[in-house]
Amino acid sequence: MTVQREFADQKLVIIGGGPGGYEAALVAASLGADVTVVEEQGMGGAAVLTDVVPSKTLIASADTMNRFASARDLGVHVGDDLDATEELNNLRVDLDKVNVRLLRLAATQSRDIKRGLERVGVRVVQGRGRIVDRHTVVVEPSDDEPYELRADVVLVSVGAHPRELETAKPDGERIFNWKQIYQLTEIPEKLIVVGSGVTGAEFASAYNGLGSDVTLISSREQVLPGSDKDAAQVLENVFERRGLRVLSRSRADAVENTGDGVRVTLSDGRKIRGSHCLLAVGSIPNTADLGLEGAGVALTDSGHIRVDTVSRTTAPGIYAAGDCTGVMPLASVAAMQGRIAIAHILGDTVHPLRTDEVASNIFTSPEIASVGITQQDVEDDPAMFVGMSMNLATNPRAKMMAVDDGFVKIFARRGSGTVMGGVVVGPRASELIFPIALAVTHRLGVDDLSDTFAVYPSLSGTIAEAARRLHVHR
């Protein structure tokens, strides 16, 4: 469908240049809208500058080290001494260079986004945006007087920032949050990570791969609470084998810089000492002092913006996307929310957001990807759903690559065989989840997966094999 012409020339002001904001701007400009993006730090927001891009670049360096850990199994030796007992004896990580590279990549990506927006006619202004009313946004530059922008529609996509504890304040020297960690110039000798959610697990895995002695403090029974239990167990097994210590059912009450290290006090009185500490205890939406409530935008108790499945807030003409909405803290979801908002604003074809179709990935080593229904859903309703799990250790390509850890799960509806979800644990799970996500989104059956040619040998062959074992006999 084409955009209705009477809406195409609307003035759209977007507050926040993260994935939700810049993706929305690109779509809106391509459909003829007059678009202005107000961004305080730099285009791409936290996702590009301090979160997704730099963290995954750091993880890429750690992955290289982890691959070398299997070098001897593949007949590859490092250094001149083929009888060396230490597999990584001649490998060293220059963390300063790693961090310089990842920050340079983030800055380059931010510049590329800005140029791409300006190329299609989007006006990008630097400053803090604040809503005066439904049709007025005030821009507060850091070095100039505030000025107003008139808008027919406003999209808020301001992201979130790291949550802090009153008794554990990041100082950028020994105690860090996930925005400050790139200030390190040397691998921490003993890194304590507080928080075992996605961010904590990813950084713990990465620094363990880079050579740090890591302790992960988890307030839950397992790491990655809310994730597939089998996947979490595989990750904990890998952590243990690689020397990463997990303190489960432990809560950090305080963290202090002792001058030459850190001391973490747990709720049961135990004290854990390390050289550095990373706090990964959640995030807080950047919704304070934006004028939202005065404009009629309802917030949750946690400060997130209430939105519906087409990104509308409770105030007519004001939409929201991204981490500030609390829907799902994923760049892909933020971008989709932004695109959906523009489709709804400009009268284009609208497909409301469906969180049950969102594919997500945890960039630990091994990676953990998932989409659709969960193992718990299958166990709760076995008459409705069925699942099949296959270990990657049986896959010929995995054997060639010396991959021992990981599996593929596919969940389907009984009777029809419709693919309803799946989990992949293994190298590049973020890539392997795509065919399962495609099947979930388009309601394909297990036979559609299994009847599609898979390369032999390939890790994706296990996806086809798991689907084949769920074949519905008719």
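**Entry 1: the parallel sheet**

I started at strand 11 (residues 213–217), which pairs with strand 12 in the parallel sense over three bridges. This is a predicted model. I looked for a facing pair and found Leu-216 opposite Val-246 in strand 12.

Next I asked what lies against this sheet. Helix 6 (residues 198–210) packs on it and touches strand 10 (190–194), strand 11 and strand 16 (276–279). I noted the direction of helix 6 as well: about 165° to that of strand 11.

Then I traced the whole sheet. It is open, has five strands and runs in the order 9-16-10-11-12, with parallel pairing. Which strands stand at the edges? They are strand 9 (175–176) and strand 12 (245–247). Each has a single partner strand, so one side of each has no neighbour in the sheet.

**Entry 2: helix 4 against helix 6**

I stayed with helix 6 and looked at helix 4. Two packed helices are described by the angle between their axes and the distance between the axes. For helix 4 and helix 6 I read an angle of about 40° and axes 8 Å apart. Angles under 35 degrees would count as roughly parallel. Helix 4 and helix 6 are therefore oblique to each other. I logged their crossing as left-handed.

I listed the residues that meet. Helix 4 supplies Ser-55, Lys-56, Leu-58, Ile-59, Ser-61, Ala-62, Met-65 and Asn-66. Helix 6 supplies Glu-202, Phe-203, Ala-206, Tyr-207, Gly-209 and Leu-210. By class, I have eight nonpolar, four polar and two charged residues in this contact.

**Entry 3: Ser-61**

I picked Ser-61 out of that list. Ser-61 sits in helix 4 (residues 52–69). What does Ser-61 contact, leaving aside its neighbours within four places in sequence? I found Val-98 and Leu-210. Leu-210 was already on my list for helix 6.

I also checked Ser-61 against Gly-274. They are 213 residues apart in sequence and 23 Å apart in space, C-alpha to C-alpha.

**Entry 4: helix 2 against helix 5**

I turned to a second helix pair. The axes of helix 2 (residues 19–30) and helix 5 (residues 95–119) come within 9 Å and cross at roughly 25°. That angle falls under 35 degrees, and the two helices are therefore roughly parallel to each other. I noted a left-handed crossing where helix 2 passes helix 5.

Which residues make the contact? From helix 2 I have Tyr-22, Ala-25 and Leu-26. From helix 5 I have Ile-113, Gly-116 and Leu-117. The classes are five nonpolar, one polar and no charged residues.

**Entry 5: the antiparallel sheet**

I moved on to another open sheet of five strands. Its order is 19-20-23-22-21, with antiparallel pairing. Strand 19 (360–362) and strand 21 (385–391) stand at its edges. Each has a single partner strand, so one side of each is left without a neighbour in the sheet. The twist averages 10° from one strand to the next.

I looked closer at one pairing. Strand 19 and strand 20 (residues 367–372) pair in the antiparallel sense over three bridges. Ile-362 stands opposite Ile-368 in strand 20.

What packs on this sheet? Helix 7 (residues 229–241) does, touching strand 20, strand 22 (407–413) and strand 23 (419–426). The direction of helix 7 makes about 175° with that of strand 22.

**Entry 6: the record for 359–466**

I checked UniProt. An unreviewed entry carries the annotation "domain: Pyridine nucleotide-disulphide oxidoreductase dimerisation" over residues 359–466. Over residues 359–466 I read 32% helix and 29% strand. The end C-alpha atoms of this stretch are 19 Å apart.

**Entry 7: backbone exceptions**

I closed with a backbone check. Most residues other than glycine have a negative phi, and most peptide bonds are trans.

I logged a cis peptide bond between Ser-365 and Pro-366, with omega about 5°. Pro-366 lies in the loop between strand 19 and strand 20.

I logged another cis bond joining Tyr-456 and Pro-457, with omega about -5°. Pro-457 is in the loop between helix 12 (446–450) and helix 13 (461–468).

I also noted Leu-224, which is not a glycine but has a positive phi of about 55°. Leu-224 sits in the loop between strand 11 and helix 7.

Conventions. Residues are numbered from 1 along each chain as its sequence is written. This is a predicted model: local features need pLDDT of at least 70, side-chain atom pairs count only at pLDDT 80 or more; totals for chains, interfaces and linings use all residues. Side-chain values use heavy atoms; hydrogens and water are left out. Helices (H or I, at least four residues) and strands (E, at least two) are DSSP runs, numbered from the N terminus. Contact means heavy atoms within 4.5 Å. Two strands pair if DSSP finds at least two bridges between them. Axes are lines fitted to C-alpha atoms, for helices over the stretch in contact, and angles run from 0 to 180 degrees between N-to-C directions. UniProt positions are given in the numbering used here, feature names are shortened, and annotations may be inferred rather than shown by experiment. Angles under 35 degrees count as roughly parallel, over 145 as roughly antiparallel, 65 to 115 as roughly perpendicular and the rest as oblique. A crossing is left-handed if the near helix is turned anticlockwise from the far one by less than a right angle, and right-handed if clockwise. Ala, Val, Leu, Ile, Met, Phe, Trp, Tyr, Cys and Pro count as nonpolar, Asp, Glu, Lys and Arg as charged, and the others, Gly among them, as polar.
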